[in-house]
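Me: Please take me through the structure shown here, and justify each term as it is applied.

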Amino acid sequence: MPQVRIIAKNFMDMVAALPELKLDKLYENTFICEAVLRSLPPLAKKYVLQLLFIDAPVTAKSMEEWVLADGLSKHRVAIDRLIQLRVFLETTESGALPREPMPSNITVRLPTLEELDVYALEQWELMDTNAQLWYIMREYISNSEDRGEDPADLISFLLELSFHATGQAYNLNTLIDVQMHTLKDLADLGLVKLQQGRKESWFIPTKLATNLSMSLTDSSARKEGFVVVETNFRLYAYSTSKLHSEILRLFARVEYQLPNLIVGAITKESLYNAFENGITAEQIISFLQQNAHPRVAERTPSVPENVTDQIRLWETDLNRVEITPAHFYDEFLSKDVFEGASDYARENGGLLWEDSKKMRLVVNAEMHAQMREYLRRQK
Amino acid sequence: MASVPSKLYSDDVSLVVVLLDTNPFLWTATATATTFTFPEFLAHVLSFLNSIILLNQLNQVVVIATGLNSCDYIFDSSAPSKVEPFESARMPLLYSRVLRRLEDFLGSDERSERSNGAAAAAAPSSLLSGSLSLALCYIQRVFRSGALHPQPRILCLQGSPDGPEQYVAVMNAIFSAQRSMVPIDSCVIGAQHSAFLQQASYITGGVYLKPPMLDGLFQYLSTIFATDLHSRSFLQLPKPVGVDFRASCFCHKKTIDMGYICSVCLSIFCKHHKKCSTCGSVFGQANPEAAAAATDRKRKAPEV
Amino acid sequence: MSSRQVVMRARYKQSVKDPGVPGILIMTEEKFVFTPDDPMSTVNLNVDFRQIKSHKFSKEGSNKQALLNLIQDSNVKGGSYIFEFDKFSDRDVCRDFVGKVLGKLQALQSAPKNPAINSERSDVQVHHEQISTTEMELRVKLLRENIELQKLHKQFVIGEILTEAEFWATRKKLLAGDNNKMPKQRVGLKSAMLAEGPLSDGRTNKVTFSLTPEIIQQIFTEKPAVHQAFLNFVVSGKMPEINFWTKYCRAEYLHRTKNAIAAAAEAAGDEELAIFLKRDDILVKEARRKIRRVDPTLDMEADQGDDYIHLPDHGILRDGTKETTESEYDEYRRSLLQDLNRHAAVVLEGKALDVGKGDTVTVAEALARSKQAELANEISEENANQERSERLARMAEIEDLQAPRNYPLAPLCIKDPREYFDSQQLNALKTLGDTVAATKPINSSLSTVQAYGFLRKFISDVKERGLVDPVVNPETAVKVLGGLTQQLSSAKYHLGSNPQESVLDRLPHRTKEELLHHWMSIQELLKHFWSSYPITTTYLHNKVSRLKDAMADIYTKLQGIKESVQSDFRHQVSLLVQPMLQALDAAFAHFDSEAQKRSARTGERPNGFV
């Protein structure tokens, strides 16, 4: 169905972008059904639930009867999403036929005590952990075809994993080869922990894995924040964590470190350090916002605007105009000549700019002699 | 990339406190009279509970049993699950937990019945006031747990007739729910309507419904009562016709528009009395003529 | 009655912009006559005051016309008569006269025309009030602003069911509320500090002070010593005024130069000058007096430390220069802080003497008078204060020493809460369409033990066999969903899309307006009706019967609305009308029973009763 490759904003966009057949196959898996259901907007969830046992087409009009004037836009979004995900199928009478997305009895596997959050959380900094996780998983999934794996299988395995109980050991022998392979990668990411028994091996999902499906929905549980940023760029972090202190050090100048309080300042120098290390202004700002102390989190904005603006300005400061002596070529005789020339310039690393429509290009001045030589040869 | 930081739970995260009517007489009576049995009821309700939890990872369900003599929490999805023997492969853990606790509850309810020695058959109404209070207590605790909590609502699955002796307690519970903005949804599964629940839903802004087809109970539950509070602002849900708040007098049970009200206990009378029959307050007006004149002007009972 | 009349020159105008016809306006209590100067003019007015409903007049102002507008009763003719007067004072004479006449007429007019009333004349008179012009104005204004009120007024007062006085008697609050407007704001003193600074031309040693009467007034209020000196020297004639001010300016100049030593030297040689240079004793005295007047319950010691004036040099010097503090010259020194505070106090007291542009002597004397009055006030106030503080001291109890207050209370004991339930349940269930009137007890032949046993068996069955699958069969599900959807859409059709919409909004506009108006009328009538009981005078008796007739009229109109309305709305309209009819019925019933009682008691009606 979708030929255009959609840049998936989240997991479910990626699921929705799967070809029809694969998508339908995915729905054979209970976990996928559940995860899809949870990812839906509230109104869509309700529609799925109320049509669970309905096996005849329901007219779109009768669904609209329930909607108040205020809710029409939300209603449309919900219906569109359901059709996109093929939970609803449009029928010729312009009605929507609901499919049964999941069996109503979902068996939850053995749950037991959980304990190992810290193991996973250590490498995850700055961004919302789930968002980062998703960032990585997205890459992992989109690369799966290159590794010869079926992305649908991968998605279903990942989702299944997310419904496992945290901290519970699951025997590896229930898994197929592909899953085994994936699991090792996941262990590196901290999603699962592998445990070698005497005879058998086990894997223990961490909270990150079980949160995977949570990151699919908009609602996420948030931990309590600890950072207060003042309009004078000073920063107070009420934390005992060494990790927090280190994260702050990435972009702020830490001035005092008390047992439960870190006092610092955001300076141009400290930010340049961060930018050099590849941390973006947005990441810093969102870190400050996400970890805002409850006292300031109540306010909007939680981080003073002058501070966020300045952070962004300092970042853009780095993007300066650079002067490169160059030559401008135009009036090419034919498209072929133009393309040949631009390819030549590119291959030699001298192409600065090109406009294929108007057949114009700009090439580094150092290459001018070569270019002239090349163009003469073409004639 | 980085998701927009959400300060609160998204609006559709719900805490549903379900009050189950476990009046044994209700279920044994329906067993003989109609086709809707207790096991069927349980099947519908359990599926509903499961659906709520399924809709959102953060959704929370609490079940309270409304017995004849006692009420108790039966299930709390947020409580840490103890290691329990996997009883049956036939049903999810939630189900078996609810069933087991329900069995326990019935046992203890019966025991307190015996110790009370009350003649249950005379007034086979379940303890709605008690379970409403339990629900509200739970919700208050959630409110106080911090800024981050799901949106609570109460769902009464009630089949027993109203217990008039619970009037004061039930009304108090209703008003306290109203104050804390907790809607009380009512799904009446008995033979007759419930004036209590009608008022409860009306006052708290919940939905009152008496499903005409009980074998489709789950459909009612999922279509109407599963709707989270956030979505309710976009949807049209069945509205009650309106509650007739006119009162009838205590003395003759006549519906009246104007009458005498005891200034102490708010009892209503259609005629002037010397003494309040409810609280025993004496209405001090010696001269009936003057009293009549005064009441004509003021149109209410004289001060005590 | 025609003995009183007003004769005034005026111009009759067709409209405000019309130049008008000059002539003579003669007003008597019955009518007004306008005769133009030009005998050829066709404008000749002879109008009965009874045709005049109200009057308006233009605001006083230098460049405004002095207008009086007599507005005709729209029932008779409509339109108005506008007169322009030469002076506002002329106009005001006519205006006041018209006000009185109209007030009297209205009171008379609204009095019942029943001849029987004549015997009770004195009684009726009680209800006639002499309405002042302002009161009249206020009423007219209220009527004009409130269309509902106007409607009622027209219906009942002009319809002669209520008298003007009766109508307004129930709206005293409305009248009073408007009357008690804040007094007009007066212009106070400028908050800017006096800048009576010396103007030096820089070349010569000549220093100019400019003193205007306003400045002088301010100087007097801010510096009582100067004021006192002025009274002593200038007013008593000991010193020419110019000399006085020269000395004052010299003293000011010395202050400005901050030369305390020079000031001290000059003061030693000049007694009068010393007064200006030294600390203002009157102010100091006044301050002491004020401190004495502070409420004794206030703990002054607590903020003694806040009093910065005592601290050496804490007052910022006016130009920032610091001086060595030598106590002997202390009294020749003034700090900016003191000046500021004194000025602020005077501004806040806000006493602007209304002497206008009088000379300095008048200003000084007026100020002295007001000071005296103030002092007298203060003394009486002080006495009152003392009393108050003594009372306070008596009343303020030390709470710790009090016995716990146990008010007698009787515990509320409700015999049977079931009654409350019964009183509501009946109607509640009726609206739900339950035909079962009372709660139908679940009849069960089972014993308690059996019942519990059954239930537990059900559960163990479920545990054993698992749950029904599928929970709902699709057919039922479709039916239920269809049913609910239909219920919703039909409710939508009936109730409109907006749930907040009231029943009234769905009625035809005219019916809605009528109903609302009748409801207002009924409220007005009932208010008067019930407040007339017990009937003690013939006047009240007549009033009640008039009211009853009016209510009966509305009653039939309501019935008419009920019947005329379309069948779709008939039910809703009758629901709305019902409480109105009931309220009226109650009034009628009361009227009848009272009438019966009355006739039974007196045997026969006294003379004059209808």
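Me: What makes the contact between C:Glu145 and C:Lys141 a salt bridge?

Reply: In this predicted model, the side chains of C:Glu145 and C:Lys141 come to 3.9 Å, counted from N to O. A salt bridge requires a side-chain nitrogen of Lys or Arg within 4 Å of a carboxyl oxygen of Asp or Glu. The pair therefore qualifies, with 3.9 Å set against the cut-off of 4 Å.

Me: Where do C:Glu145 and C:Lys141 lie?

Reply: Both belong to helix α3 of chain C, four residues apart, which is about one turn of the helix.

Me: Why is C:Glu145 called exposed, and what is C:Lys141 called?

Reply: Exposed means over 50% relative accessible area, and buried means under 20%. C:Glu145 has 54% and therefore counts as exposed. C:Lys141 has 26%, which lies between the two limits, so C:Lys141 is partly exposed.

Me: What makes C:Arg139 and C:Glu164 a salt bridge, and which parts does the pair tie together?

Reply: The closest N and O atoms of C:Arg139 and C:Glu164 are 3.8 Å apart, and the limit is 4 Å. C:Arg139 is in helix α3 (residues 133–145) of chain C and C:Glu164 is in helix α5 (residues 164–169) of chain C, so the salt bridge ties together parts 25 residues apart in sequence.

Me: Are C:Arg139 and C:Glu164 buried or exposed?

Reply: C:Arg139 and C:Glu164 are both buried, a term that stands for a relative accessible area under 20%.

Me: Which residues of chain C are linked in a network of salt bridges, and how many salt bridges does the structure hold over all chains?

Reply: The network links C:Arg91, C:Asp92, C:Arg95 and C:Asp96. Over all chains, the structure holds 26 salt bridges.

Me: How do you know that A:Glu246 and A:Lys242 form a salt bridge?

Reply: Their side chains meet at 3.4 Å, N to O, and the cut-off is 4 Å. A:Glu246 and A:Lys242 are four residues apart in helix α12 (residues 242–251) of chain A, so about one helical turn separates them. A:Glu246, with a relative accessible area of 36%, is partly exposed, whereas A:Lys242 is exposed with 59%.

Me: Why are β4 and β5 of chain A said to stand at the edges?

Reply: Three strands of chain A form an open sheet in the order β4-β6-β5, with antiparallel pairing. β4 (170–171) and β5 (192–196) each have a single partner strand, so one side of each is left without a neighbour in the sheet.

Me: What makes β4(A) and β6(A) a pair?

Reply: Two strands pair if at least two bridges are found between them. β4(A) and strand β6 (residues 201–205) of chain A are joined in the antiparallel sense over two bridges, so the condition is met. A:Tyr170 stands opposite A:Phe203 in β6(A). Helix α10 (residues 177–189) of chain A lies across β5 and β6 of chain A, at about 110° to β5(A).

Me: Which strands are the edge strands of the sheet of seven strands in chain C?

Reply: This open sheet has the order β4-β3-β2-β1-β7-β6-β5, and its pairing is antiparallel. Its edge strands are β4 (45–48) and β5 (52–57) of chain C, each of which pairs on one side only. On average, neighbouring strands of this sheet are turned by 30° against each other, direction ignored.

Me: How do you know that β2 and β3 of chain C pair?

Reply: Strand β2 (residues 21–28) and strand β3 (residues 31–36) of chain C run antiparallel and are joined by five bridges, where at least two are required. C:Ile26 has C:Val33 as its bridge partner in β3(C).

Me: What makes A:Trp353 eligible for a nonpolar patch on the surface?

Reply: A patch takes residues with over 30% relative accessible area and no salt bridge. A:Trp353, in strand β12 (residues 351–355) of chain A, is partly exposed at 40%, and 40% is over that limit. A:Phe328, A:Leu352 and A:Trp353 form the patch, with about 310 Å² of accessible area together.

How values were computed: Residues are numbered from 1 along each chain as its sequence is written. Chains are lettered from A and ligands numbered from 1 in the order in which they are written. This is a predicted model: local features need pLDDT of at least 70, side-chain atom pairs count only at pLDDT 80 or more; totals for chains, interfaces and linings use all residues. Side-chain values use heavy atoms; hydrogens and water are left out. Contact means heavy atoms within 4.5 Å. Axes are lines fitted to C-alpha atoms, for helices over the stretch in contact, and angles run from 0 to 180 degrees between N-to-C directions. Buried means under 20% relative accessible area, exposed over 50%, partly exposed in between (1.4 Å probe, protein chains only). Patches are made of residues with over 30% relative accessible area and no salt bridge: like charges are joined within 9 Å, nonpolar side chains (Val, Leu, Ile, Met, Phe, Trp, Tyr) within 5 Å. Accessible areas come from the Shrake-Rupley method with a 1.4 Å probe; for residues, only the protein chains shown count as cover.
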